[in-house]
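Could you walk me through this structure, one selection at a time? I have it open in my viewer and would like to know what to click on next and what I will find there.

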4 protein chains.
Amino acid sequence: MQPETTLDPAIEAKVRASFAAQSAMRTIGARLASVRPGAVEIELPAADHINQQQGFAHGGVIGMILDSACGYASFTTMPLDCEVVSIEYKINFLRPAVGERFVARGRVTRPGRTVAVAQGEVVAVTNGAEQTVAVMLATMAVVKAPA
Amino acid sequence: MQPETTLDPAIEAKVRASFAAQSAMRTIGARLASVRPGAVEIELPAADHINQQQGFAHGGVIGMILDSACGYASFTTMPLDCEVVSIEYKINFLRPAVGERFVARGRVTRPGRTVAVAQGEVVAVTNGAEQTVAVMLATMAVVKAPA
Amino acid sequence: MQPETTLDPAIEAKVRASFAAQSAMRTIGARLASVRPGAVEIELPAADHINQQQGFAHGGVIGMILDSACGYASFTTMPLDCEVVSIEYKINFLRPAVGERFVARGRVTRPGRTVAVAQGEVVAVTNGAEQTVAVMLATMAVVKAPA
Amino acid sequence: MQPETTLDPAIEAKVRASFAAQSAMRTIGARLASVRPGAVEIELPAADHINQQQGFAHGGVIGMILDSACGYASFTTMPLDCEVVSIEYKINFLRPAVGERFVARGRVTRPGRTVAVAQGEVVAVTNGAEQTVAVMLATMAVVKAPA
């Protein structure tokens, strides 16, 4: 995990602009909650349009915010002219995603010039109490951003 | 992979009812294309509301339909009074998800009484030509359905 | 992660007997270093017979001790008449495994009656300093031990 | 999967020299059985010194030969001055590894200039009959070989 030093405002702006350009995040209702060096949080309120057949938040939606949190966490450790793309991820679902809202926390395990490794979890929040519903281990590629 | 014998119509009905109850699948625009013994296909048209920042389909959305295809493929090999839940999955992204539509193909690798293993891929279809954009290896739990 | 309460001596004995019965662990030179509730450490000295082509410890050997550490960590949270088998694991290699010895640390993320999830890492130790060389996310099945 | 064209003898020689330099493979008793374009097989006879506590081949040993088969399969698709290192892999164990010998089959799913994706399985062979005991999905990095 990265030391919690100050984040370059240009990098935070880059992360926020990239997130804002993801229509899929708007569709599910996710928002970028916090951006720190090597650590990003994404929040998602429970909602009727993102559920699986039992009325809980869909595992794929949980995977979506956690992959993004891990990807943007990696993004914060890269040069400004780079982008991150997910090479792969693995997610374990620990419990049904039941709660008022879900918080995906991604953090960089190993920054890198070409490949970064990140880990994270999603917690379900109910009455202020948190319970972990999923954990992830992910690999990100660092690529030059198109000019 | 399962032999392509005839599927019990009651099992196909169970799979279709479960899929229809997933609001998240409606939200992204996915539909259940085919249900065969041990093999399920889910289709997703490209659309403006499911994209990442570069205007391609979001990896998390691709993961969502592939996880569902793997899960329902496992579902077809279980007794009628059971349900399937995803324990975990791993997905590798091979190329940007660019195409007119995406087809997720899940198939059971190893059916089981309590745990099933499934594999699958998502192809992007453009002018009738297919290109694989993601592959998955997933583990599903078989649980008794609530009465 | 499990609270660090006292471990039932019968469970520690069960873990140590199972580890001692693994000829593969003797072959590579691994030993069971510590067994606590929900957390197990396995040590492996660097040695000429467990290397890959560049003369570093083989990734597969690193995976072997980490899978075992995660498995036995899960083992400590189960009833005495159960056994653990690995359903699957994912391992990321962060750096070449260079050091005097390697310590695999597994801990239970989510204990369970039929399925447990565990996480862990391997550190390389050189002159008392540690560097993480691999991380794992694993799923274990709990099965009744044969009488 | 790669088309089965003829393999450059210099690449096969490079693969065989690299495998021969892995002391860990000698320790477990594995041998390189076949090297084709994008596809490699490694064989491992059942033996008393590579077992887990129930007397079957250790899952970590099965993972070791399958990771190597996937890695060398990727190796065959790269320029001669490159090397492959495992970024990560995920393995699912389908059945206890019981048999006279085990064959790990790796094949390239997606070759690449910097990252390659490979898949494979291990079959247990008994009286000429094969049964799949494990499947893998792996990511390899392509790196310049040291001169």
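Here is a tour in six stops through a predicted model.

**Stop 1: chains A and B**

Start by selecting chain A and chain B and giving each a colour. A turn of 180° with a shift of 0.0 Å along the axis lays chain B on chain A, with an RMSD of 0.0 Å. The two copies are thus related as by a two-fold rotation axis. The same surface serves both of them, since 100% of the contact residues of chain B recur in chain A. To find the axis, click on Lys90(B): of the residues of chain B, Lys90(B) comes closest to the axis, with its C-alpha at 2.0 Å.

**Stop 2: where A and B touch**

Now look at the contact between these two chains. Chain B gives 28 residues to it, and chain A gives 28 residues as well. Which elements of chain B give two or more residues to the side that touches chain A? They are helix H2 (23-28), helix H3 (59-75) and strand E3 (82-93). E3(B) provides the largest share, 8 residues. Colour this side of chain B by residue type, and you will have 9 nonpolar, 15 polar and 4 charged residues.

Next, select residues 82-93 in both chains. Strand E3 of chain A and E3(B) pair in the antiparallel sense, over 5 bridges. For one pair to zoom in on, pick Glu88(A), which stands opposite Asn92(B) in E3(B). As background, strands of a sheet pair through backbone hydrogen bonds, either parallel or antiparallel.

**Stop 3: a walk along chain B**

Stay with chain B and go to Gly38(B), in the loop between strand E1 (31-36) and strand E2 (39-45). Is Gly38(B) buried or exposed? Gly38(B) counts as buried because it has 22 C-beta neighbours inside 10 Å; the cut-off for buried is 20 or more. Then add Tyr72(B) to your selection: Gly38(B) and Tyr72(B) are 34 residues apart along the chain, and their C-alpha atoms are separated by 8.3 Å.

Helix H3 of chain B is the next element to highlight. Its 17 residues should span 24 Å at 1.5 Å a residue, and its end C-alpha atoms are 24 Å apart, which agrees. Of the 17 residues of H3(B), 17 are buried, so the helix is largely enclosed by the rest of the structure.

**Stop 4: two hairpins in chain B**

Select strand E4 (residues 101-110) and E5(B), which run antiparallel and are joined by 9 bridges. E4(B) and E5(B) form a hairpin with 4 residues between them. Within this pairing, Arg105(B) stands opposite Glu121(B) in E5(B).

Now add strand E6 (residues 129-144) of chain B. E5(B) and E6(B) also run antiparallel, with 12 bridges joining them. Here Val115(B) has Ala141(B) in E6(B) as its bridge partner. The hairpin of E5(B) and E6(B) has 2 residues between the strands, and Asn127(B) takes a positive phi near 50° there. As for strand E5 (residues 115-126) of chain B itself, 9 of its 12 residues are buried, so E5(B) is largely enclosed by the rest of the structure.

**Stop 5: the sheet across chains C and D**

Hide chains A and B for a moment and show chains C and D. How many strands form the open sheet here? There are 12, in the order E1(C)-E2(C)-E4(C)-E5(C)-E6(C)-E3(C)-E3(D)-E6(D)-E5(D)-E4(D)-E2(D)-E1(D), and the pairing is antiparallel. Strand E1 (31-36) of chain C and strand E1 (31-36) of chain D stand at the edges, each with a single partner strand, so one side of each is left without a neighbour in the sheet. On average, neighbouring strands of this sheet are turned by 25° against each other, direction ignored.

For a closer view, pick strand E5 (residues 115-126) and strand E6 (residues 129-144) of chain D: 12 bridges join these antiparallel strands. Val122(D) has Ala134(D) in E6(D) as its bridge partner.

**Stop 6: a helix on the sheet**

Finish by selecting residues 59-75 of chain D. This helix, H3(D), lies across strands that include E3 of chain C, running at about 40° to E4(D). Because 17 of the 17 residues of H3(D) are buried, this helix is largely enclosed by the rest of the structure.

Key
Residues numbered from 1 in each chain as written. Chains lettered and ligands numbered in written order. Predicted model: local features only at pLDDT ≥ 70, side-chain atom pairs only at ≥ 80, totals over all residues. Least-squares fit on C-alpha atoms with pLDDT ≥ 70 in both. Contact = placed C-beta atoms within 7 Å. Nonpolar A, V, L, I, M, F, W, Y, C, P; charged D, E, K, R; others polar. Pairing = 2+ DSSP bridges. Axes fitted to C-alpha atoms, helices over the stretch in contact; angles between N-to-C directions. Expected span 1.5 Å × (residues − 1).
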